[in-house]
Amino acid sequence: VFPSLAQAQASVANEVYRELDQPSIFLFCPTEYCSSLCSPSPSQSCYLLTLGQELLPGISVIWTGPKVVSQELSATLLEEVEGVLQRRPIIWDNLYANDYDCRRVFLGPYTGRAPGLMPRLRGLLLNPNCELQANFIPIHTLGSWFRSELGSCAHPDHAGKETAAALGDSQGPQEGSYSPQEALELALHDWVAEINRQALEPGR
């Protein structure tokens, strides 16, 4: 019925999207969801080009970056993806995912994401460690990164420093000045406090 996989997927996605009355959040994960799965590259992928042309504008497309688990994300790559998909991608970030090797747990700060990515994103999803309690630092430091990105977007020329000063916030990284090390230290401080709080609860 369809001349290509991309056209088949786009047709089904569009039909479901319309049937659901075009919800504000509708996520589509393509078969080629990172650069390493594209042939020969994202910008020259017939599959992605077709999706960009055929998918309705309100449908968001998920992207994991250069690889399935991407150590770095750059604005240049996101520009390329946005161009071919004709929409800003939603990053499905597997930085902390350990379902492929449950002997490992990732407890470092959110890092490897270039400053100023937010204007290139429709959204960001964090795929966590399988162990619930191990995700305190990943989610906490992601929050610090997000806060600094908001500051950068609001004050691109001054990296959000005036906003931070006006707020009088002395805790943790300020807007527009994300430091993975500072974010990690703040997360560890808050995690220890949370562990101590839970330890004092009845029955613990």
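Begin with the sheet of this predicted model: 4 strands form an open sheet in the order β1-β2-β3-β4, and their pairing is parallel. In general, strands of a sheet pair through backbone hydrogen bonds, either parallel or antiparallel.

Next, select residues 27-28 and residues 123-126. These are β1 and β4, the edge strands, each of which pairs on one side only.

Stay with β1 and add residues 60-63, which form strand β2. The two strands run parallel and are joined by 2 bridges. Display the side chains here: Phe28 stands opposite Val61 of β2.

Now move to the other edge of the sheet, β4, and select Gly123, which lies in that strand. Which residues does Gly123 touch, leaving aside those up to four places away in sequence? The contacts are Pro89, Ile90 and Ile91. Add Trp92 to the selection: in sequence Gly123 and Trp92 are 31 residues apart, while their C-alpha atoms are 8.7 Å apart in space.

Finally, select the cysteines. A disulfide is a covalent bond between the sulfur atoms of two cysteines. How many disulfides does the model contain? With a cut-off of 2.5 Å between cysteine sulfur atoms, the count is 0. Centre the view on Cys29, which is in no disulfide. The nearest cysteine sulfur to that of Cys29 belongs to Cys34, at 9.5 Å. Is Cys29 buried or exposed? Cys29 falls in between, being partly exposed, with a relative accessible area of 36%. As a last stop, select Cys46, which is exposed, with a relative accessible area of 61%.

Technical notes
Residues are numbered from 1 along each chain as its sequence is written. This is a predicted model: local features need pLDDT of at least 70, side-chain atom pairs count only at pLDDT 80 or more; totals for chains, interfaces and linings use all residues. Side-chain values use heavy atoms; hydrogens and water are left out. Buried means under 20% relative accessible area, exposed over 50%, partly exposed in between (1.4 Å probe, protein chains only). Two strands pair if DSSP finds at least two bridges between them. Contact means heavy atoms within 4.5 Å.
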